[in-house]
Amino acid sequence: MASFEVLGGHPLKGEIVPQGAKNEALQILCAVLLTSEPVTISNIPDIRDVNKLIELLRDMGVKVGKLASDTYLFQADAVNLDYLDTPEFVEQGRALRGSVMILGPMLARFGRCQLPKPGGDKIGRRPMDTHFLGLEKLGGKLTLEGLDFYRIKAENGLTGAYMMLDEASVTGTANIVMAAVLAKGTTTIYNAACEPYLQQLCKMLVRMGAKINGIGSNLLTIEGVTELGGTEHRMLPDMIEIGSFIGLAAMTGSEITIKDCQIAELGLIPDTFRKLGIQMEFRGDDIHIPAQEHYEIATYLDGSILTVSDHTWPGFTPDLLSIVLVVATQAKGTVLIHQKMFESRLFFVDKLIDMGAQVILCDPHRATVIGLDQQKQLHGITMTSPDIRAGVALLIAALSAEGRSVIENVEQIDRGYQYIDKRLNALGAQIRRL
């Protein structure tokens with residue numbers, strides 16, 4: 001396992017460009033399976049999870065050409081269905097959570113797919129019921145082998161259906177939409193996810209010839225078509241990276257400009273960090289965060305303690321709650337962090353407590369943070385990254401801390417953030433990969 005050695009306490013300064021959105025990439029790449037024509041995708045992040053998915057597509061028979069460092073040409077005109085029966089496919093699918101989104105395109109275009117239970121972050125239960133219930137309503141027939149291998153077929157093709165999703169799952173909605181665009185008739189999806197990633201997928205599919213109404217809302221109506229064509233698509237910047245950099249700037253007292261943020265697509269993210277007292281200035285599509293000696297957490301109008309919680313879009317994304325929690329440790333004031341969607345995402349606060357933070361873990365979903373108001377620095381320790389988002393939160397803590405920290409298992413961080421050590425070192429951080 002690789003590790004980061006971090007020498008903390010050094011303010012950073014400069015400009016940084018966010019990578020392409022990881023969560024969008026995993027959907028968009030699977031959508032290339034819906035057509036035999038060429039699809040060009042740009043602003044693809046060079047990160048482990050995305051590269052593994054590209055490798056999986058290539059091994060399935062998709063032609064993959066690299067046109068530039070962040071731009072690929074895909075053509076799925078010779079998909080090898082027999083590859084689904086190989087041990088190599090099982091190993092690849094099990095290692096990557098995003099592999100689940102090949103189900104919808106493969107079922108719609110080829111009438112069958114199979115998949116081992118995908119892997120991913122250990123952040124609590126992540127059931128796949130929404131995916132399969134939606135695909136079954138369209139006509140898919142699901143067979144479960146053991147507890148961790150799924151086969152789904154649609155020998156007579158898919159037919160549009162009315163459905164109300166039991167949860168507004170982003171990946172579940174993506175899978176159902178990708179299947180529905182080639183189904184016969186009309187599909188109506190209530191309680192659909194409407195995150196910018198899903199909107200991007202729908203807009204790409206429309207350019208390919210799909211008929212989708214209600215993009216950006218939680219009610220999607222899809223008129224199936226017989227085939228889709230090729231297209232070009234550019235991905236959004238990663239909103240999770242942008243939020244991470246906002247928090248990093250405040251926590252380390254740094255002056256940082258985040259370039260090309262597509263601010264209109266960030267939803268509540270800037271305002272949520274402003275509630276922690278973080279100043280920022282919008283300069284076109286850039287976000288400038290000035291160096292701050294102090295930042296103070298807001299209270300409600302009656303003076304009660306602020307709660308920051310996650311919710312489905314347009315609520316605050318759960319992927320940034322770990323960052324908010326860490327940043328709050330050096331704010332003035334108190335905040336309750338309520339992680340509603342995953343029961344294990346707060347299980348890194350013991351490391352922050354060991355670093356000197358004042359955090360009370362109330363239960364698996366809630367933590368109360370009592371800010372130190374920069375009066376006492378955190379101190380460096382040796383710790384392990386439990387998942388992608390907690391790993392970057394701990395990296396931010398280490399960069400603000402006094403002394404030396406070691407973060408182990410940084411392969412987790414590499415899955416979601418491209419060259420994060422090199423990019424932050426360019427701003428003046430002292431991070432060494434061991």
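A charge sits over a ring if NZ of Lys or CZ of Arg is within 6 Å of the ring centre and within 35 degrees of the ring normal. The views below show a predicted model.

**View 1. Arg-274 lies over the face of Phe-282.** The distance from Arg-274 to the ring centre is 4.9 Å. Phe-282 falls within strand E15 (281–283), an edge strand of the sheet in View 3.

**View 2. Two of the four aromatic pairs in the structure.** A search of the whole structure gives four such pairs. Tyr-72 and Phe-74 are stacked. Their centres are 5.9 Å apart, with 25 degrees between the planes. Both Tyr-72 and Phe-74 are buried. Tyr-83 and Phe-89 make an edge-to-face pair, because their planes stand at 75 degrees and the cut-off for that class is over 60. The ring centres of Tyr-83 and Phe-89 are 6.1 Å apart. Tyr-83 and Phe-89 are both buried.

**View 3. An open sheet of four strands.** The strand order is E2-E14-E16-E15, and the pairing is mixed. Strand E2 (13–16) and strand E15 (281–283) are the edges, each pairing on one side only. From one strand to the next, the twist averages 20 degrees. E2 pairs with strand E14 (residues 255–258) in the parallel sense, over four bridges. Gly-14 has Ile-256 of E14 as its bridge partner. Helix H8 (residues 239–252) packs on this sheet. H8 touches E2, E14 and strand E16 (286–289). The directions of H8 and E14 make an angle of about 165 degrees.

**View 4. Residues annotated as "binding site" in UniProt.** The annotation comes from an unreviewed entry and covers Arg-97, Asp-319 and Met-341. Arg-97 lies in the loop between helix H3 (87–95) and helix H4 (103–110). Arg-97 has a relative accessible area of 18%, so this residue is buried. Met-341 sits in the loop between strand E18 (334–338) and helix H11 (349–354). Is Met-341 buried or partly exposed? Met-341 counts as partly exposed, because its relative accessibility is 36%. Leaving aside neighbours within four places in sequence, Met-341 is in contact with Asp-310, His-311, Thr-312 and Pro-318.

**View 5. The surroundings of Thr-173 in helix H6.** H6 spans residues 170–180. Thr-173 has a relative accessibility of 0%, so this residue counts as buried. Which residues are in contact with Thr-173, leaving aside its neighbours within four places in sequence? They are Leu-165, Ala-192, Ala-193, Leu-198 and Leu-220.

**View 6. Helix H5 and what covers its buried residues.** H5 runs over residues 129–137. Its buried residues are Thr-130, His-131, Phe-132, Gly-134 and Leu-135. An α-helix has 3.6 residues a turn, so residues three or four places apart point the same way. The cover over the buried residues of H5 includes two helices, H4 and H6. Strand E7 (141–145), strand E8 (149–153) and strand E9 (162–164) are also included. Gly-139 follows H5 and has a positive phi, near 115 degrees.

**View 7. A cis peptide bond between Trp-313 and Pro-314.** Most peptide bonds are trans. Here omega is about 15 degrees. Pro-314 is placed in the loop between strand E17 (306–309) and helix H10 (321–328). Trp-313 is the residue joined to Pro-314 by this cis bond.

**View 8. Positive phi at Gln-374 and Asn-409.** Most residues other than glycine have a negative phi. Gln-374 is not a glycine, yet its phi is positive, about 60 degrees. The loop that holds Gln-374 is between strand E20 (366–370) and strand E21 (382–384). Gln-374 counts as partly exposed, because its relative accessibility is 26%. Asn-409 also has a positive phi, near 60 degrees. Asn-409 is in the loop between strand E22 (404–408) and helix H13 (411–414). With a relative accessible area of 17%, Asn-409 is buried. The cut-off for buried is under 20% relative accessible area.

Key
Residues are numbered from 1 along each chain as its sequence is written. This is a predicted model: local features need pLDDT of at least 70, side-chain atom pairs count only at pLDDT 80 or more; totals for chains, interfaces and linings use all residues. Side-chain values use heavy atoms; hydrogens and water are left out. Rings of Phe, Tyr and Trp (its six-membered ring) pair if their centres lie within 6.5 Å; planes under 30 degrees apart count as stacked, over 60 as edge-to-face and the rest as tilted. Buried means under 20% relative accessible area, exposed over 50%, partly exposed in between (1.4 Å probe, protein chains only). Two strands pair if DSSP finds at least two bridges between them. Axes are lines fitted to C-alpha atoms, for helices over the stretch in contact, and angles run from 0 to 180 degrees between N-to-C directions. Contact means heavy atoms within 4.5 Å. UniProt positions are given in the numbering used here, feature names are shortened, and annotations may be inferred rather than shown by experiment.
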